[in-house]
Amino acid sequence: MALVGPDEKAVSVIVEIADDPEERSQGLMNREMLPPDQGMLFMFPVAEPVTFWMKDTIMPLDIIFFDAQGNVIGSDSMV
């Protein structure tokens with residue numbers, strides 16, 4: 001997957017897909033590390049506000065929210 005920033009530069013990222021309730025619930029729980037060029041993409045069947053929690057997630061995470069067209073609409077850092 002390539003993410004394109006506002007400067008039009010593309011950054012390649014390896015992502016795991018979490019597209020069902022079980023995978024989304026598990027998320028990155030109990031993982032000790034994640035390489036800087038990897039992440040998890042949470043896919044939802046309907047575009048609507050969602051919440052995330054960090055139960056048993058022992059590493060800090062950055063989260064980016066995308067709209068249905070793939071545009072970034074928000075981000076946050078969670079420690």
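# Exercises on a predicted chain

Glutamate 8 sits in the loop between strand 1 (2-4) and strand 2 (10-12). Strands (E, at least two residues) and helices (H or I, at least four) are DSSP runs, numbered from the N terminus. This is a predicted model, in which local features need pLDDT of at least 70, side-chain atom pairs count only at pLDDT 80 or more, and totals for chains, interfaces and linings use all residues. Residues are numbered from 1 along each chain as its sequence is written, and side-chain values use heavy atoms, with hydrogens and water left out.

## Exercise 1: Backbone angles

Task: Find the sign of phi at glutamate 8 and at asparagine 30, then classify the exposure of glutamate 8 and asparagine 30.

Solution.
- Step 1. Start with the general rule: most residues other than glycine have a negative phi.
- Step 2. Glutamate 8 has a positive phi, near 70°.
- Step 3. Asparagine 30 also has a positive value, near 65°. Asparagine 30 belongs to the loop between helix 1 (21-26) and strand 4.
- Step 4. Apply the exposure classes: buried is under 20% relative accessible area, exposed is over 50%, and partly exposed is in between (1.4 Å probe, protein chains only).
- Step 5. Glutamate 8 has a relative accessible area of 64%, so it is exposed. Asparagine 30 reaches 55%, so it counts as exposed.

## Exercise 2: The whole chain

Task: Give the order of elements in the protein chain, then judge its compactness.

Solution.
- Step 1. Count the elements: one helix and six strands.
- Step 2. Read from the N terminus: β-β-β-α-β-β-β.
- Step 3. The radius of gyration is 13 Å, close to the 12 Å of the globule rule for 79 residues, so the chain is as compact as a globular protein of that length. The radius is taken over C-alpha atoms, and the rule is 2.2 Å times the number of residues to the power 0.38.
- Step 4. Add the extents: the C-alpha trace spans about 35 × 30 × 20 Å along its principal axes.
- Step 5. Check burial: 18% of the 79 residues are buried.
- Step 6. Check charge: there are 4 positive and 14 negative side chains, and the centres of the two sets lie 3 Å apart. Lys and Arg count as positive, Asp and Glu as negative; His and the chain ends are not counted. Each charge is placed at NZ of Lys, CZ of Arg, CG of Asp or CD of Glu.

## Exercise 3: The core and methionine 59

Task: Name the residues of the largest nonpolar core, then trace the contacts of methionine 59 and leucine 61.

Solution.
- Step 1. Fix the term: a nonpolar core is a set of buried Ala, Val, Leu, Ile, Met, Phe, Trp, Tyr and Cys residues joined through side-chain atoms within 4.5 Å.
- Step 2. The largest one has seven residues: Ala18, Leu28, Met40, Met59, Leu61, Ile63 and Met78.
- Step 3. Methionine 59 has a relative accessible area of 9%, so it is buried. Its place is the loop between strand 4 and strand 5.
- Step 4. Contact means heavy atoms within 4.5 Å. Beyond four places in sequence, methionine 59 contacts Leu28, Arg31, Glu32, Met33, Leu34 and Met54.
- Step 5. With the sequence neighbours within four places again left aside, leucine 61 meets Leu28, Met54, Asp76, Ser77 and Met78.

## Exercise 4: One loop, two exposures

Task: Decide whether threonine 57 and proline 60 are buried or exposed, and list the contacts of threonine 57 and proline 60.

Solution.
- Step 1. Threonine 57 lies in the loop between strand 4 (38-42) and strand 5 (61-66). Proline 60 is in the loop between strand 4 and strand 5.
- Step 2. Threonine 57 has a relative accessible area of 16%, so it is buried. Proline 60 has 57%, so it is exposed.
- Step 3. Leaving out residues up to four places away in sequence, threonine 57 touches Leu28 and Met29. On that basis, proline 60 touches Met78 and Val79.

## Exercise 5: A residue in strand 1

Task: Describe the exposure of leucine 3 and its distance to valine 72.

Solution.
- Step 1. Leucine 3 is in strand 1. Its relative accessible area is 26%, so it is partly exposed.
- Step 2. Valine 72 is 69 residues away in sequence, with 9.7 Å between the C-alpha atoms of leucine 3 and valine 72.
- Step 3. Not counting residues up to four places away, leucine 3 touches Lys9, Ala10, Val11, Val13 and Phe66.
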